[in-house]
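Please open the model in your viewer and keep the selection tool at hand; the stops below go from a single side chain outward.

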Amino acid sequence: MTVKEQPTMADPGRTRMPAPRRTAGTTTEFVLDGTPGRLVIAAAPGRLAHVELHVGKHGSTVAGLTDALSAAITTGLRAGAPVSEFVAELQHTRYAPAGRTGDPEVPEATSLGDYLARRLARASDLRGRRVEPSDN
């Protein structure tokens with residue numbers, strides 16, 4: 001059975017990559033300035049495919065916002081948006097919670113967005129490169 005790319009409704013010329021049935025992924029638990037969280041990043045062959053960021057208590061504002069951010073990033077990745085765009089926009093953002101993460105690979109972050117960007121950069125091997133947003 002082959003999977004066909006489907007045109008998106010917003011832009012008929014652009015195709016959406018279907019969600020893979022199975023993915024390899026990593027789960028990272030962290031505590032950012034006393035706020036516990038869990039980040040799941042799943043990869044399909046040759047690309048990141050899914051992001052889930054869970055922070056705060058179920059039903060809280062921060063939990064809802066991080067769920068929405070996760071859904072937006074996953075939708076963008078499936079639509080073919082490069083990971084570098086998300087990294088460039090989220091990296092170095094500043095808001096609470098911020099500080100030590102308890103994650104040895106990303107020991108400090110200036111916000112949840114900054115932590116997510118640094119983790120996405122590591123997962124897609126963008127670490128060490130300066131990522132700038134595009135002019136689009």
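Begin by selecting tyrosine 115, which in this predicted model has a relative accessible area of 1% and therefore counts as buried, the limit being under 20%. Add phenylalanine 30, which is also buried, with a relative accessible area of 3%. The two rings form an aromatic pair of the tilted kind, with 4.3 Å from centre to centre and 35° between the planes, and the count of aromatic pairs comes to one. Colouring by element of secondary structure shows that this pair links distant parts of the chain, since phenylalanine 30 belongs to strand 3 (residues 24-32) and tyrosine 115 to helix 3, 85 residues apart.

Next, widen the selection to the largest nonpolar core, which has 22 residues and in which Phe30, Leu39, Val51, Ile73, Leu77, Leu116 and Leu120 touch the most other members. Among the elements that each supply at least two residues of this core are strand 4 (35-44), strand 5 (47-55) and helix 2 (83-90), while helix 3 gives the most, with six residues.

Within that core, centre the view on leucine 120, which touches Ile41, Leu48, Val51, Ile73, Val83, Phe86 and Val87, leaving aside residues up to four places away in sequence.

Finally, show helix 1 (residues 61-78) together with helix 3 (residues 112-123), whose axes come within 12 Å and cross at roughly 35°, in a right-handed crossing. To see the contact itself, select Val62, Thr66, Leu69 and Ile73 of helix 1 with Leu112, Leu116 and Leu120 of helix 3; these residues divide into six nonpolar, one polar and no charged.

Definitions and conventions:
Residues are numbered from 1 along each chain as its sequence is written. This is a predicted model: local features need pLDDT of at least 70, side-chain atom pairs count only at pLDDT 80 or more; totals for chains, interfaces and linings use all residues. Side-chain values use heavy atoms; hydrogens and water are left out. Axes are lines fitted to C-alpha atoms, for helices over the stretch in contact, and angles run from 0 to 180 degrees between N-to-C directions. Helices (H or I, at least four residues) and strands (E, at least two) are DSSP runs, numbered from the N terminus. A crossing is left-handed if the near helix is turned anticlockwise from the far one by less than a right angle, and right-handed if clockwise. Contact means heavy atoms within 4.5 Å. Ala, Val, Leu, Ile, Met, Phe, Trp, Tyr, Cys and Pro count as nonpolar, Asp, Glu, Lys and Arg as charged, and the others, Gly among them, as polar. Rings of Phe, Tyr and Trp (its six-membered ring) pair if their centres lie within 6.5 Å; planes under 30 degrees apart count as stacked, over 60 as edge-to-face and the rest as tilted. Buried means under 20% relative accessible area, exposed over 50%, partly exposed in between (1.4 Å probe, protein chains only). A nonpolar core is a set of buried Ala, Val, Leu, Ile, Met, Phe, Trp, Tyr and Cys residues joined through side-chain atoms within 4.5 Å.
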